[in-house]
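Work through the following exercises with the sequence and the coordinates open beside you. Each task is followed by a solution that goes step by step.

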Amino acid sequence: MNEQTPEWTTGPQARIAGRIAELVERAQAADGVAPISEQAVLSLTATDGHEGTSHLPVERDGELVAYANLVAAHGDHPAMAEAVVDPRARGRGIGATLVAAALSAGGPGTRIWAHGNLAPARAVAGRLGLSVVRELWQMRRPLAGDAATAELPPLLVPADLILRTYAGPADDAEILRVNNAAFDWHPEQGGWSGREIQARRSASWFDPKGLFIAVDRSEPGRILGFHWTKVHEPGEHGPDAVGEVYVVAVDPAVQGRGLGAILTLAGLHYLRDRGLPEVLLYTEADNAAAVRTYTRLGFATAHIDAAYATP
């Protein structure tokens, strides 16, 4: 890709993390969608908790023009890659070469994300003979305005439940238990440790009042489910600040009590009361139960992230 063949590296990328962040910002401004995930961004500066993650920065004439992130296959989950090319360096074949390098390094079955599944990504996939094997939907709904869709159903909490907010690190062990049980099938959200909680708790956006927890009155020490909300600053997902249904997790042992809808509504009311005009969330396209719940709450698909792989 340039005079010096780029090499995959592991561990913190402190030397170039700032330059990669600037590259990501330029791509997001040009495309209207973040080119790599929060998890990939966090892995650039993490000192632990991202074992199996490799980085491939690409420079030309001293300028960083592209970057790829690769998470190695683990358990039943295939390797996952993400890539971004500077808008000023596109049209030169860098993207196709970078994607091919990631697929080769990841081994058979490796998948590469196309956030927003934009036309350039589809073109690269076509040249490389890749097919969509997974879709992640971003769904949105208004929280303000005169439209009927902006109205929220009332929050009704059954008498046998207590709905509270995050009490501090003492809740972390139960949050992790519920998260990992609910997402044991999920390649990114499953398998969290305390490091993932700590990293997000240390983020500038973290608000303990926006992390809702449901417990049974008869057993208040055991968390049944939680809804972790997030607020994005203006410019991240549009000109205004936007709320997010960041994580909704329910202990599989108590499915069927309507906890997902109750927790989601609690977060939506909270985000609306903060004056946010809109809220977004991400869900797997084939998670029929989640899609059904969110559709009933007024969400509609806004855009699609697609994971490609060699057929």
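**Exercise 1.** Determine which residues of helix 1 are exposed and which are buried, and how the buried ones are arranged around the axis.

*Solution.* In this predicted model, Glu25 and Ala29 of helix 1 are exposed, whereas the buried residues of the helix are Ala17, Ile20, Leu23, Val24, Ala27 and Gln28. These buried residues cover an arc of only 135 degrees around the axis, which puts them on the same side of helix 1, and Glu25 and Ala29 lie on the other side. The next step is to find the partners of the buried residues, which pack against strand 3 (63-71) and strand 4 (80-85).

**Exercise 2.** Check the length of helix 1 against the expected span.

*Solution.* Helix 1 comprises 15 residues, 17-31, and at 1.5 Å a residue it should span 21 Å. The C-alpha atoms at its ends are 21 Å apart, which agrees with that expectation. Just after the helix, Gly32 takes a positive phi of about 80 degrees.

**Exercise 3.** Classify the ring pair of Tyr166 and Phe206, and state which parts of the chain the pair ties together.

*Solution.* A search of the whole structure finds eight aromatic pairs. Tyr166 and Phe206 form one that is edge-to-face, with 5.8 Å centre to centre and 85 degrees between the planes, where over 60 degrees is required for that class. Tyr166 lies in the loop between strand 7 (161-165) and helix 5, and Phe206 in the loop between helix 6 (194-201) and strand 8 (211-216), so the pair ties together parts that are 40 residues apart in sequence. Both Tyr166 and Phe206 are buried, and ring pairs link them with Trp205, Trp228 and Tyr246 into a cluster.

Key: Residues numbered from 1 in each chain as written. Predicted model: local features only at pLDDT ≥ 70, side-chain atom pairs only at ≥ 80, totals over all residues. Heavy atoms only, no water. Helix = DSSP H or I, 4+ residues; strand = E, 2+ residues; numbered from the N terminus. Expected span 1.5 Å × (residues − 1). Buried < 20%, exposed > 50% of the residue type's maximum accessible area, 1.4 Å probe, protein only. Arc of directions from axis to C-beta. Contact = heavy atoms within 4.5 Å. Phe/Tyr/Trp six-rings, centres within 6.5 Å; stacked < 30°, edge-to-face > 60°.
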